[in-house]
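Work through the exercises below with the coordinates open beside the text. Each task is followed by a solution that proceeds step by step.

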Amino acid sequence: MRVQIKEIAVIIKIFIASSMICLNAQEFKFEQAWQLGEVGDIVWNLKVDDALPHKDHMAMSGQKVDMILEWGINSSGGFEAERLVRWPMLRTIPDNTHASLERRLGDKAAIVPEINGKKMSIGNVQTLRIYGKLTVESMHQEGISSVRTIFPSVLSPAVIDRIQLTNTTDKEMEIRVPAWREEQDTSEDKGLFGVYVITEFIEGEGIYKLAPGEHISYAVIRSARKLDDSPYFGNSSAEYAARQSFIDNSSKKLILETPDPVLDRLFDFSKIRASESIFSTRGGLMHGPGGYNRYLAAIWANDQAEYINPFFPFLGDPIGNESAMNSFRHFARFMNPQYNPIPSSIVAEGRDFWNGAGDRGDMAMIAYGATRFALASGNTEYGKELWPLIAWCLEYLERKELPNGSIASDSDELEGRFPAGKANLSTISLYYDALISAAYLAEELGLDTQLTKVYKKKSEKLRKVIFKNYKATIEGFDTYQYYEGNTELRSWICFPLTVGIYNRAEGTVDALFSPKLWTKSGLLTKSGTTTVWDRSTLYALRGVFQAGFVDRGVTKLKAFSQNRLLGDHVPYVIEAYPEQNQSHLSAESGLYCRIFIEGIFGIRPTGFSTFECTPRLPKEWGNMALKNIHAFGRKWDMEVVRHNDLIEVNIKDGMGKIIYNRSLPQGETHQITLNELE
């Protein structure tokens with residue numbers, strides 16, 4: 001049937017509000033429910049004393065669809081789900097940042113199979129599994145066991161519930177899977193491309209005779225399209241295989257091996273979330289954060305340029321690298337001879353922009369991310385293409401220098417949610433790091449040697465400015481003020497640690513890990529508040545390791561990771577709380593991986609085939625490894641092993657040949673060249 005859909009923004013707001021209340025009321029209640037599975041997943045085997053009902057939500061994406069799966073177990077033990085599905089390329093009006101077609105699609109009575117002529121009961125959940133998809137194993141009163149797997153299509157605008165029913169009795173039974181199809185048209189005046197058709201249907205309908213032990217499979221498929229486009233007919237088996245292939249490919253690249261399986265597992269999960277949220281738009285491949293606020297088919301200077309793009313070369317995903325280059329190409333379109341700021345965000349598939357918070361330090365974010373990405377990619381052509389954008393951003397930042405040497409910006413990445421002054425610690429720190437990387441890149445590209453000297457000299461000057469202008473005693477800690485006149489501790493005091501400035505490291509680490517900032521859910525954005533943003537927690541943990549506070553850092557990292565992977569809201573790091581209901585924004589998962597790449601393994605790109613490595617091996621660990629790394633245009637492995645007071649670094653090429661082996665005391669830096677990996 002066809003029905004006109006009315007706008008449901010009010011309903012969505014009510015649901016989100018109620019979900020936040022639910023999550024807040026049950027905070028950390030289920031931290032012992034989830035366990036590590038044996039096949040790379042996390043598992044919840046329900047017990048009779050588990051507190052129910054339980055609600056949670058999980059983000060999943062494909063190139064043409066995004067979904068927040070809001071699932072729950074009711075008080076009777078039955079599984080319930082609603083899918084908040086968004087189609088980023090089906091644009092709505094006004095065609096702004098949030099203009100992706102969005103609908104809530106829940107289960108309906110019409111799609112429930114019949115067992116021997118009666119509707120199948122909802123059943124009782126036995127086991128839940130998560131690994132790039134949600135799998136629910138239930139037992140039903142009729143003697144049927146069901147396995148429901150929910151996931152997005154990799155390449156098509158569809159989300160799929162794939163269901164297997166098994167006869168567990170000793171008698172034959174008849175199962176009738178209904179023939180069901182429902183279509184809804186959106187209003188023509190609310191779609192940029194006119195009418196959109198949302199289709200839900202069952203694949204695999206029919207009447208089946210099941211002998212004891214036999215099973216059948218069918219699927220509920222939900223998709224959307226423009227009215228004049230061809231319908232999507234679906235093939236759930238092929239879609240399942242494609243999703244599994246995506247997960248398998250992710251698991252085989254950039255493999256973390258430590259003595260802590262929780263860290264290894266969340267690292268693996270984070271690779272999936274970081275790389276799945278890339279959309280095939282009219283403006284090319286665009287990585288999108290996702291989340292309840294529909295940050296889709298759009299890019300940001302912080303999420304993409306700063307957070308996720310420096311990660312992609314290490315993962316070696318061609319789609320990720322292309323999305324990174326495409327994001328920088330979009331930003332480069334807005335360079336201008338007047339040095340007006342590049343917009344913070346390019347939206348609507350690259351056809352519009354947003355700059356509602358003014359200059360958030362975006363040019364520092366872009367320069368920081370572009371230089372690190374270019375070096376780590378090992379791709380000279382990337383470096384040449386990105387250089388004009390990098391040079392323009394650095395010139396812009398020099399023109400923003402204040403009389404005291406700080407760098408002016410209108411706000412920061414929190415866009416006015418918290419005070420940032422006229423100049424802040426994050427903008428100047430990113431600029432400082434970008435200058436260092438730009439000097440390396442200029443040298444690699446064979447540019448004027450004087451330019452390299454200029455960038456190095458500017459970075460040395462900024463290092464002194466950071467110390468002089470931002471050092472402060474805040475709430476009893478010898479750390480940094482986030483902006484001039486700031487008197488309360490802020491989570492972003494961690495920034496100098498992440499760019500190699502350690503002269504106030506001890507006081508900063510003490511402040512970060514004090515009860516004034518650190519909570520079980522990570523860092524408070526500002527002392528005295530209840531607001532948590534994972535991005536600053538992830539930066540801080542990276543910086544703590546870089547600064548050498550290894551054992552303090554690993555204690556906090558383990559507790560944080562345990563909570564995010566196996567706690568009350570799983571299975572990824574989040575954007576913020578309470579804002580946007582703890583959305584699983586994609587770029588934050590890239591930041592989680594960078595804790596290990598840059599913090600614990602201490603990798604800092606210095607050229608297309610060279611890097612510094614300052615490994616930080618916790619005392620309780622004898623060894624750790626990163627395997628199948630793809631950075632610097634090569635495949636290689638790194639193993640770090642403790643030998644009494646020395647830390648050995650072993651690097652092997654893709655064939656297993658050792659091309660670097662040296663032992664140095666903990667905290668000393670290895671200078672590594674990968675030319676022999678050709």
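## Exercise 1: two enclosed helices

Helix H12 (residues 505-512) has six of its eight residues buried, so it is largely enclosed by the rest of the structure. This is a predicted model, in which local features need pLDDT of at least 70 and side-chain atom pairs count only at pLDDT 80 or more, whereas totals for chains, interfaces and linings use all residues. Residues are numbered from 1 along each chain as its sequence is written, and side-chain values use heavy atoms, with hydrogens and water left out.

Task: state which residues of H12 are buried, and which elements they pack against.

Solution. Begin with the terms: buried means under 20% relative accessible area, exposed over 50%, and partly exposed in between, with a 1.4 Å probe and protein chains only; helices (H or I, at least four residues) and strands (E, at least two) are DSSP runs numbered from the N terminus. By that cut-off, the buried residues of H12 are Ala505, Gly507, Thr508, Val509, Ala511 and Leu512. Taking contact as heavy atoms within 4.5 Å, these buried residues pack against helices H11 (495-498), H13 (534-546) and H14 (550-566), and also against strands E25 (477-480), E26 (518-519) and E27 (522-523). For helix H4, eight of the eight residues are buried, so H4 too is largely enclosed by the rest of the structure.

## Exercise 2: the largest cavity

Task: find how many cavities of 30 Å³ or more there are, and which residues line the largest cavity.

Solution. On a 1 Å grid over the protein atoms alone, a cavity is a set of points where a 1.4 Å probe fits but cannot get out, and lining residues have an atom within 4 Å of a point. Grid points are joined across faces, edges and corners, and a volume is the space filled by probe spheres set on the points. The count by this rule comes to three cavities of 30 Å³ or more, and the largest cavity holds about 50 Å³ of space. Its lining consists of Glu306, Tyr307, Arg360, Met365, Asp412, Glu413, Ser426, Thr427, Leu430, Trp492 and Phe495. Helix H4 (301-308) and helix H9 (425-444) are the elements that give two or more residues to this lining, and H9 gives the most, with three residues.

## Exercise 3: an open sheet and its edges

Task: give the strand order of the nine-stranded open sheet, and say why one side of strands E1 and E14 is left without a neighbour in the sheet.

Solution. Two strands pair if DSSP finds at least two bridges between them. The order is E1-E2-E9-E10-E11-E12-E17-E15-E14, with antiparallel pairing. Strands E1 (35-36) and E14 (181-185) stand at the edges and each has a single partner strand, so one side of each is left without a neighbour in the sheet. Strand E12 (residues 158-167) pairs with strand E17 (residues 215-226) in the antiparallel sense over nine bridges, and Gln164 stands opposite Ser217 in E17.

## Exercise 4: a residue in strand E11

Task: is Ile150 buried or exposed, and which residues does Ile150 touch?

Solution. Ile150 lies in strand E11, and at 0% relative accessibility Ile150 counts as buried. Not counting residues up to four places away in sequence, Ile150 touches Met60, Met67, Leu69, Phe79, Arg83, Lys133, Leu134, Ile160 and Asp161.

Definitions and conventions. On a 1 Å grid over the protein atoms alone, a cavity is a set of points where a 1.4 Å probe fits but cannot get out, and a pocket is an open set with protein on both sides within 12 Å along at least five of seven lines; lining residues have an atom within 4 Å of a point.
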